[in-house]
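Dear colleague,

I am passing on the structure below, together with a short account of what was found in it. Please read the notes with the coordinates open beside you.

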Amino acid sequence: MKALLDFIPLIAFFIAARTHGILAAAGALLVATLIIYAIHFIRQKGKFEKQQWVVLLLTIVFCGGTLLLRDDIYLRWKSPIINGIFALTLVVSVAIDKPLMQLAMKDVFSLSVRGWKKLTLVWAVFFAMMAVLHYITAFTMSDEAWINFKTYGWIPIMLVFVIAQFAVLKNHLNPALTDKTAK
């Protein structure tokens, strides 16, 4: 449910961009994000996860800057910066021996410390690649190409990556998940 809610701001952005332009899309993205994050805040009993704080704050800053200064350059920087922050955070977590993917997926996979570090670095590379792709579409392509990629172009890339991760890691599923008698 949470993941589905997170698509609503993208849908609002896409519709507003197609019908009223990029500045309207920035407003729609900002308003939809604030509404969805209010719902998350209530459903999560007054708490946000760290990545939710990053997305929320950067959305407010970049959409707000776009609207206040009437310049879409700020909105164009939002996705490359968010993905870059995620990549950097994952790399730092490995460097300090606290791979974040272990915290996020320890109930799903059983990996060695080395395995968790590798997985975390693979995700860091993925987010770095997504930052570059968002940058390229935002600053070298037409507005239409950028809007399309920002809204839904990244989704097939993410799906292929996640499916590939599960294919590679299927032999490392947590035994509690694969045990038919476990409840």
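A residue is called buried here when its relative accessible area is under 20%, and by that criterion 37% of the 183 residues of the chain are buried. Please keep in mind throughout that this is a predicted model.

As to the overall fold, the chain is made of nine helices and has zero strands, and its C-alpha atoms fill a box of roughly 55 × 35 × 30 Å along the principal axes. Among the contacts with a sequence separation of 6 or more, 66% join residues that are 24 or more positions apart. The accessible surface of the chain amounts to about 10,800 Å², and carbon and sulfur atoms account for 71% of that surface. On the side of charge, there are 18 positive and 9 negative side chains, with the centres of the two sets 8 Å apart.

Turning to the interior, the largest nonpolar core holds 22 residues, of which Met101, Trp116, Leu119, Trp123 and Phe127 touch the most other members. Two or more residues of this core come from each of α4 (50-69), α5 (73-95), α6 (100-105), α7 (113-140) and α8, and α7 makes the greatest contribution, with seven residues. Once residues up to four places away in sequence are set aside, Met101 touches Leu90, Lys106, Trp116, Leu119, Thr120 and Trp123. There is also a second, separate core, which has 13 residues and includes Ala17, Ala25, Leu75 and Trp146.

Two polar residues may be worth a look while you have the model open. Gln165 lies in helix α8, and it counts as buried because its relative accessible area is 13%, which falls under the 20% cut-off. With residues up to four places away in sequence left out, Gln165 touches Leu119, Val122 and Trp123; the C-alpha atoms of Gln165 and Val122 are separated by 9.3 Å, although the two residues are 43 residues apart along the chain.

The other is Asn174, which is placed in the loop between α8 (143-169) and α9 (175-178). Asn174 is likewise classed as buried, since its relative accessible area of 18% is also under 20%. Apart from its neighbours within four places in sequence, Asn174 is in contact with Lys106, Asp107, Val108, Phe109 and Ser110.

With best wishes

Definitions and conventions
Residues are numbered from 1 along each chain as its sequence is written. This is a predicted model: local features need pLDDT of at least 70, side-chain atom pairs count only at pLDDT 80 or more; totals for chains, interfaces and linings use all residues. Side-chain values use heavy atoms; hydrogens and water are left out. Helices (H or I, at least four residues) and strands (E, at least two) are DSSP runs, numbered from the N terminus. Buried means under 20% relative accessible area, exposed over 50%, partly exposed in between (1.4 Å probe, protein chains only). Contact means heavy atoms within 4.5 Å. Accessible areas come from the Shrake-Rupley method with a 1.4 Å probe; for residues, only the protein chains shown count as cover. Lys and Arg count as positive and Asp and Glu as negative; His and the chain ends are not counted. The place of a charge is taken as NZ of Lys, CZ of Arg, CG of Asp or CD of Glu. A nonpolar core is a set of buried Ala, Val, Leu, Ile, Met, Phe, Trp, Tyr and Cys residues joined through side-chain atoms within 4.5 Å.
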